[in-house]
Amino acid sequence: AEWSIMGEPSLITDGDKAAAPGSFLELGPGKKWVQIYLEDTYTINAIAIWHYHQQARVYKDVAVQISNDKSFEEGVTTVFNNDSDNSLGLGAGEDYEYLENNEGRLLVLDGIQGRYVRLYSQGNTSNKQNHYTEVEVFGTETGGAQTAKADG
C-alpha cells in the first residue's frame with residue numbers, strides 16, 4: 001500500500017474487471033509487485049490477470065511467482081516471466097509480451113502448490129505506472145477438493 005498512487009490493494013481481488021476509474025490499483029514507476037495470501041496451501045491450476053485495459057498498452061517485465069514462503073526467498077516457482085533482459089532480477093524470462101484487453105491473461109498451470117502468489121511489473125507502453133485491475137487464483141485445497149479464489 002505504501003507504493004500506491006491510487007486505489008487500495010483489495011481492489012485486485014474484488015471481482016471487478018472493468019478497469020473503470022476507481023476500480024484498479026495504480027502503483028508508481030519502477031519494479032513493483034502485489035502479493036496475494038491464500039490463507040492455506042492450494043494446488044494452483046490457473047491464474048487470471050487483468051492490468052489496466054481501457055487503452056491499448058503492453059505491460060513490461062510481467063512475472064508471476066508462487067511460493068509457500070511469504071518473503072519469496074525459498075521454494076519459489078515462476079509460472080510466467082516476459083522480462084527478457086532480467087531487469088527485475090528474477091532471471092531472464094522467455095514468455096511473450098501481450099496486449100492488455102478486457103479478457104485478461106489466463107495462465108494455465110500444472111497444479112503448483114503454494115500459499116502466496118506474487119505478480120511483478122515495471123511500467124507499460126503508455127506510461128511508467130503499474131496497474132492491477134483484478135487477479136484470480138484457482139485451485140484446490142491440498143488434500144481437498146474446494147475451489148479457491150483469492151479474496152485479498
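Valine 64 stands opposite leucine 119 of strand β6. This pair belongs to a predicted model, in which local features need pLDDT of at least 70 and side-chain atom pairs count only at pLDDT 80 or more, while totals for chains, interfaces and linings use all residues. Residues are numbered from 1 along each chain as its sequence is written, and side-chain values use heavy atoms, with hydrogens and water left out.

## Confidence

The protein has a mean pLDDT of 91, and 91% of its residues reach 70 or more; pLDDT is the predictor's confidence in each residue, from 0 to 100. Over residues 145-152 the pLDDT is below 50, yet this stretch has 21 contacts in the model beyond near neighbours in sequence. A contact here means heavy atoms within 4.5 Å.

## The five-stranded sheet

Strands, like helices, are DSSP runs numbered from the N terminus (strands E, at least two residues; helices H or I, at least four). Two strands are taken to pair if DSSP finds at least two bridges between them. In general, strands of a sheet pair through backbone hydrogen bonds, either parallel or antiparallel.

One open sheet contains five strands in the order β5-β4-β6-β3-β8, with antiparallel pairing. Strands β5 and β8 stand at its edges with a single partner strand each, so one side of each has no neighbour in the sheet. From one strand to the next, the twist averages 30°; axes are lines fitted to C-alpha atoms (for helices, over the stretch in contact), and angles run from 0 to 180 degrees between N-to-C directions.

Three of the antiparallel pairings are joined as follows. Strand β3 (residues 32-50) and strand β6 (residues 105-121) share 13 bridges, and in this pairing alanine 48 has leucine 106 of β6 as its bridge partner. Strand β3 is also joined to strand β8 (residues 134-141), by eight bridges; isoleucine 47 stands opposite valine 137 in β8. Five bridges connect β4 with β6.

## The three-stranded sheet

A further open sheet has three strands in the order β1-β2-β7, again with antiparallel pairing. Its edge strands are β1 (4-6) and β7 (130-132), each of which pairs on one side only. The twist in this sheet averages 35° from one strand to the next. Strand β2 (residues 25-27) pairs with β7 over three bridges, and the bridge partner of leucine 27 in β7 is asparagine 130.

## The nonpolar core

A nonpolar core is a set of buried Ala, Val, Leu, Ile, Met, Phe, Trp, Tyr and Cys residues joined through side-chain atoms within 4.5 Å. The largest one holds 28 residues, of which Ile44, Ile47, Val64, Val117 and Leu119 touch the most other members. Two or more residues come from each of β2, β3, β4 (63-67), β5 (77-81), β6 and β8. Strand β3 gives the largest share, seven residues.

Which residues does leucine 119 touch, not counting those up to four places away in sequence? They are Lys32, Trp33, Val34, Ile36, Ile49, Ala63, Val64, Tyr132 and Val135.

## Individual residues

The table sets out the accessibility of four residues. Buried means under 20% relative accessible area, exposed over 50%, and partly exposed in between (1.4 Å probe, protein chains only).

| Residue | Place | Relative accessibility | Class |
|---|---|---|---|
| Alanine 19 | loop between β1 and β2 | 0% | buried |
| Leucine 38 | strand β3 | 9% | buried |
| Glutamate 39 | strand β3 | 53% | exposed |
| Glycine 91 | loop between β5 and β6 | 25% | partly exposed |

Alanine 19 has a positive phi of about 60° although it is not a glycine. Glutamate 39, likewise not a glycine, has a positive phi of about 75°.

The C-alpha atom of leucine 38 is separated by 5.3 Å from that of arginine 115, although the two residues are 77 residues apart along the chain. For glycine 91 and glycine 139, the separation is 48 residues in sequence and 26 Å in space, C-alpha to C-alpha. Leaving aside residues up to four places away in sequence, glycine 91 touches Asn81, Asp83 and Asn86.
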